[in-house]
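Please open the structure in your viewer and keep the selection tool at hand. This tour moves from stop to stop, saying what to select next and what is there.

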Amino acid sequence: MAVAGCGVTGRAVERNRLSLATFNPRNYTTDMHRTVDDRPYGGGPGMVMMAGPLDAAIDDATAADTEAEVVYLSPQGQTLNHSIVCELAGRKRIVLVAGRYEGVDERLLESRVDREISIGDYVLSGGELAAMVVIDAIARQLPGVLGHSDSALEDSFAGTGLLEHPQYTRPEQYRGAQVPAVLTSGNHEDIRLWRRKKSLERTWQRRPDLLAQTELSDEDRVLLQQIIDVKETDRSGN
Ligand code: ADE
């Protein structure tokens, strides 16, 4: 599987924090052509994945742990977010079912699937990429996977519910653009305040919906008011 050999997911596998196995429904067919799909009852374009091979593949995938949650990747599912990722990361074993073609026989979904998850309001040609997105997002939440133990906690959405502040690295001057002076000042309290303010500003500008759901401290409120005041001064000055 593409995600098993590289990046953060590869490291999670290497460090035995994550184990991945694939079950190809084609290996659970009984006919000579190894058929996994057929035409839809009632007519119409495209092919539908048959219940039988998927059922047998899910049996095999859940054999080691019948409590494993079976998740079907589909644009009709609940949209993936940070809290769902954390919930899935806390489970011992999950089975991700990736559909192909125009869909999967509804009887399979009704009988075997515990939940449906979408990775966004667009349609992919199959669930495999969506499954890999879920695996990547889970892997980086597992303890001992990311280099710096705090990195996952500081991600956008994690912990604070706000978008992350901007980041800079060397060189200090790049094509005429300077790293904000506060970041090279060595003053940790100033840096913390600057980052918090940028985080609030970004969330206010780009994702006001997130800001509305976040519990703000008194300090946050002061910072946010400063941001709003500056924007209003800019607007009235222009
Ligand atoms: N399969 C096809 N489109 C999908 C989506 N947006 N999310 C999850 N699985 C899918």
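Begin by selecting Arg-34, which is found in the loop between α1 and β1 (37–38); helices (H or I, at least four residues) and strands (E, at least two) are DSSP runs, numbered from the N terminus. The model in front of you is predicted, with local features needing pLDDT of at least 70 and side-chain atom pairs counting only at pLDDT 80 or more, while totals for chains, interfaces and linings use all residues. Residues are numbered from 1 along each chain as its sequence is written, and side-chain values use heavy atoms, with hydrogens and water left out.

**Backbone stops in the loops**

Stay with Arg-34 and look at its backbone, where phi is positive, at about 55 degrees, although the residue is not a glycine. Most residues other than glycine have a negative phi, and most peptide bonds are trans. Arg-34 is partly exposed, with a relative accessible area of 37%; here buried means under 20% relative accessible area, exposed over 50%, and partly exposed in between, computed with a 1.4 Å probe and protein chains only.

Next, select Arg-175, which sits in the loop between β6 and β7 (177–178). Its phi is also positive, near 45 degrees, in a residue other than glycine, and Arg-175 counts as exposed at 76% relative accessibility.

Now select Arg-170 and Pro-171 together, since a cis peptide bond joins them, with omega at about 5 degrees. Pro-171 lies in the loop between α6 (151–154) and β6 (173–174).

From there, go to Ala-177, which is found in strand β7 and counts as partly exposed at 47% relative accessibility. If you draw a distance from the C-alpha of Ala-177 to that of Ser-74, you should find 43 Å between two residues that are 103 residues apart in sequence.

**Helix α5 and its surroundings**

Select residues 128–139 to show helix α5, which has 12 residues and reaches 16 Å from its first C-alpha to its last, close to the 16 Å expected at 1.5 Å a residue; that expected span is 1.5 Å times one less than the number of residues. Which residues of α5 are buried? They are Ala-130, Ala-131, Val-134, Ile-135, Ala-137, Ile-138 and Ala-139. An α-helix has 3.6 residues a turn, so residues three or four places apart point the same way. To see what the buried residues of α5 pack against, add α1 (7–14), β3 (69–79), α3 (82–89) and β4 (94–98) to your selection.

Within α5, pick out Ala-139, which is buried with a relative accessible area of 0%. Leaving aside its neighbours within four places in sequence, Ala-139 is in contact (heavy atoms within 4.5 Å) with Val-8, Thr-9, Ala-12, Leu-18 and Val-145. The C-alpha atoms of Ala-139 and Tyr-174, which are 35 residues apart along the chain, are separated by 34 Å.

Then select Gln-141, in the loop between α5 and α6, which counts as partly exposed at 23% relative accessibility. Not counting residues up to four places away in sequence, Gln-141 touches His-82, Val-85, Cys-86, Ala-89, Ala-152 and Asp-155. The C-alpha atoms of Gln-141 and Ala-130, 11 residues apart along the chain, are separated by 17 Å.

**A stop in helix α7**

Select Glu-201 in helix α7 (residues 188–206), and ask whether this residue is buried or exposed. At 16% relative accessibility, Glu-201 counts as buried, and, leaving aside neighbours within four places in sequence, Glu-201 is in contact with Ile-227 and Lys-231. The C-alpha atoms of Glu-201 and Leu-163 are separated by 9.0 Å, with these positions 38 residues apart along the chain.

**The whole chain**

Finally, select the whole protein chain, whose secondary structure comes to 9 helices and 7 strands. The radius of gyration of the chain is 23 Å, well over the 18 Å that the globule rule gives for 238 residues, so the chain is more spread out than a compact globule; this radius is taken over C-alpha atoms, and the rule is 2.2 Å times the number of residues to the power 0.38. Along its principal axes the C-alpha trace spans about 70 × 45 × 40 Å, and buried residues make up 34% of the 238 residues.
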